[in-house]
Amino acid sequence: MPQPIDVGSILGGRYKVTGRILASAENDIILDGLDQVLNRPVSILVAAVENSPNLTQSAREVATGARVSSVSILDLGVEGNATYLIAARNSPADLLDLVVPTEPLEEVYQEPFFTDTLGTEIFGKARDAAPIKDAYVYEDNSPLTPAHPIPGITTPPPTHADVPTPPPTAAVSGIAGASAAAVPSPAVAPPPVSKVTLWDEDDYGFINEDHQENLDETRRPGRFPAELLDAHDDYTESEDYLDDEDDGNAPRATGRWLTGAIFGVLLIGALIFAVSHITNLFPGPEVQAGPTTTTAPVPTEAQSPAAPPAPAVVAPVIKGLTDITVYNPGAPNYSEAFYPRLKDAIDGNKATYWPTVEFSNAAFADQTDSINLVVELQAESTISSVTINQLAGFGGQFNILTNSKPVLQDATKIGSGSFSSPDFTLTAAPGVTAKYVIINFTELPRLQPYVTYPFGLKITEISIK
């Protein structure tokens, strides 16, 4: 069995044991703890001696991803002769799963080799047992590998064997003409006929010579083109007609004078309007000489009413903490057992906490309507913020009130909240003063982990500024 680890023990120099959750049949122990370096709650699993190798193996598999688990492992160490594991807050069942060894997985089939070619089974054959190391063979039986470039295709020059030889000629004796008549030589192929006939420079003469002479003649210095002269004659003949039309369309002088007169009238009116408004903005001496009105004298500094003095700011100092929860008739006072631990919620040490009994639901299992804590201050103080630190709780609902008496009656609500993290801070409105600060829990948060029931409170610290 592992050595007993009591509440308050320190593991690994930083993890403080704050509570005992349960122990399994094989003596595996689950504890509640606090990481004193990061100030966060943790779960501690201390494995039995025979299960220590299994816990070490499981922790390595979860860390490397070989094993799927919801446990977030933070640390692993050995205390005495037992192995302990530090994890984020989790359920006891998930933690105890880590002491159970995993079964060996079935062997995964591995490909016999890696290849950069297509599988041969695509072409109707089974995959080769080993990669092909021989050179590729192409259709022309040339053993070339893909790493060597394919040689270029060249056309060999014709050899003598490719040129046809004429048959031998037979000599004819006795006759001179017959000797001259030899077997004709093979016919020579006619040269290829070009499909395009190129023109010579002389072929352009019949087109360009006459045209160039006419062009030179028309562009001789001092000679105006005839076609333009004809057009000029037509233009001069029609000038009289155009002059007649211009007389009819020309603007008349009377219209111009009328436009100028209208513009002048508008300009004069605008000047008069502007001058009259400027005169109203700066009244002359005659306006100042009108009837005078009496105004009330401005009160001097001595006559002005004095402003009320600002209230003095008194820093709050916590004097005590009281539980004023009232349970329904017939229900026992579950808070009474935890009265001695109320001081742990205001001692300035987050490693200690004040708990409640665990409930089966968030509505206090119908045993009460709310749980109420009263923080007493040494004097009526200015309240700027209220901070609540708690362990392992998510959700819930609570109100923060102030009063001059340690009761809920006639208390003033200054805010409300819910637990979404270990710390909650409420900033009060300016000018809030009180002798008592009351925390009214109307709905319980869910605990993680828990021993019997999943709803309750674990308040580590309450501070007021």
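Leaving aside its neighbours within four places in sequence, with which residues is N403 in contact? I shall return to that question shortly, after a brief overview.

Good morning, colleagues. The structure before you is a predicted model. The protein has 465 residues, and buried residues make up 28% of them. Its secondary structure comes to eight helices and 16 strands. If we take the contacts between residues at least 6 apart in sequence, 63% of them join residues at least 24 apart.

Let me now answer the opening question. Beyond the neighbours within four places in sequence, N403 touches Q409, D410, A411, A434, K435, Y436 and I438. The residue belongs to strand β11, which covers residues 393-403. Is N403 buried or exposed? Its relative accessible area is 8%, so N403 counts as buried, the limit being under 20%. The side chain of N403 also has a polar atom 3.0 Å from the backbone oxygen of V407.

One of the contact partners of N403 is D410, and that residue deserves a comment of its own. D410 sits in the loop between β11 and β12, the latter being residues 412-419. Its phi is near 65 degrees, a positive value in a residue other than glycine. With a relative accessibility of 58%, D410 is exposed, whereas N403 is buried.

A365 also has a positive phi, near 55 degrees, and is likewise a residue other than glycine. Where is A365 placed? The residue lies in the loop between β8, residues 354-355, and β9, residues 371-382. At 21% relative accessible area, A365 is partly exposed; the band for that class begins where buried, under 20%, ends.

I turn next to the sheets. One open sheet has six strands in the order β1-β2-β3-β4-β6-β5, with antiparallel pairing. Why is one side of β1 and of β5 left without a neighbour in this sheet? Strands β1 (10-11) and β5 (73-79) stand at the edges and each has a single partner strand, so one side of each remains unpaired there. Further inside the order, β4 (residues 40-46) and β6 (residues 82-87) run antiparallel and are joined by four bridges. Across this pair, L45 stands opposite L85 in β6. Helix α1, residues 52-64, packs on the sheet and touches β4, β5 and β6. The direction of α1 makes about 30 degrees with that of β6.

A second open sheet has four strands, ordered β8-β16-β10-β13, and its pairing is antiparallel. Here β8 and β13 (423-427) are the edge strands, each with a single partner, so each has one side without a neighbour in the sheet. Two bridges link β8 to β16, residues 458-464, and these strands run antiparallel. W354 stands opposite I459 in β16.

Finally, I come to the empty space. Rolling a probe the size of a water molecule over the atoms shows where such space is left. The second largest pocket holds about 220 Å³ of space. Its lining consists of 17 residues, and those nearest its centre are Y353, P355, E358, V451 and K458. Which strand gives the most to that lining? Strand β2, residues 15-23, does so, with four residues. β2 is also a member of the six-stranded sheet.

Thank you for your attention.

Notes. Residues are numbered from 1 along each chain as its sequence is written. This is a predicted model: local features need pLDDT of at least 70, side-chain atom pairs count only at pLDDT 80 or more; totals for chains, interfaces and linings use all residues. Side-chain values use heavy atoms; hydrogens and water are left out. Buried means under 20% relative accessible area, exposed over 50%, partly exposed in between (1.4 Å probe, protein chains only). A polar contact is a pair of N or O atoms within 3.5 Å; within protein, one must be able to donate a hydrogen and the other to accept it, and residues adjacent in sequence count only if both atoms are side-chain atoms. Contact means heavy atoms within 4.5 Å. Two strands pair if DSSP finds at least two bridges between them. Axes are lines fitted to C-alpha atoms, for helices over the stretch in contact, and angles run from 0 to 180 degrees between N-to-C directions. On a 1 Å grid over the protein atoms alone, a cavity is a set of points where a 1.4 Å probe fits but cannot get out, and a pocket is an open set with protein on both sides within 12 Å along at least five of seven lines; lining residues have an atom within 4 Å of a point. Grid points are joined across faces, edges and corners, and a volume is the space filled by probe spheres set on the points.
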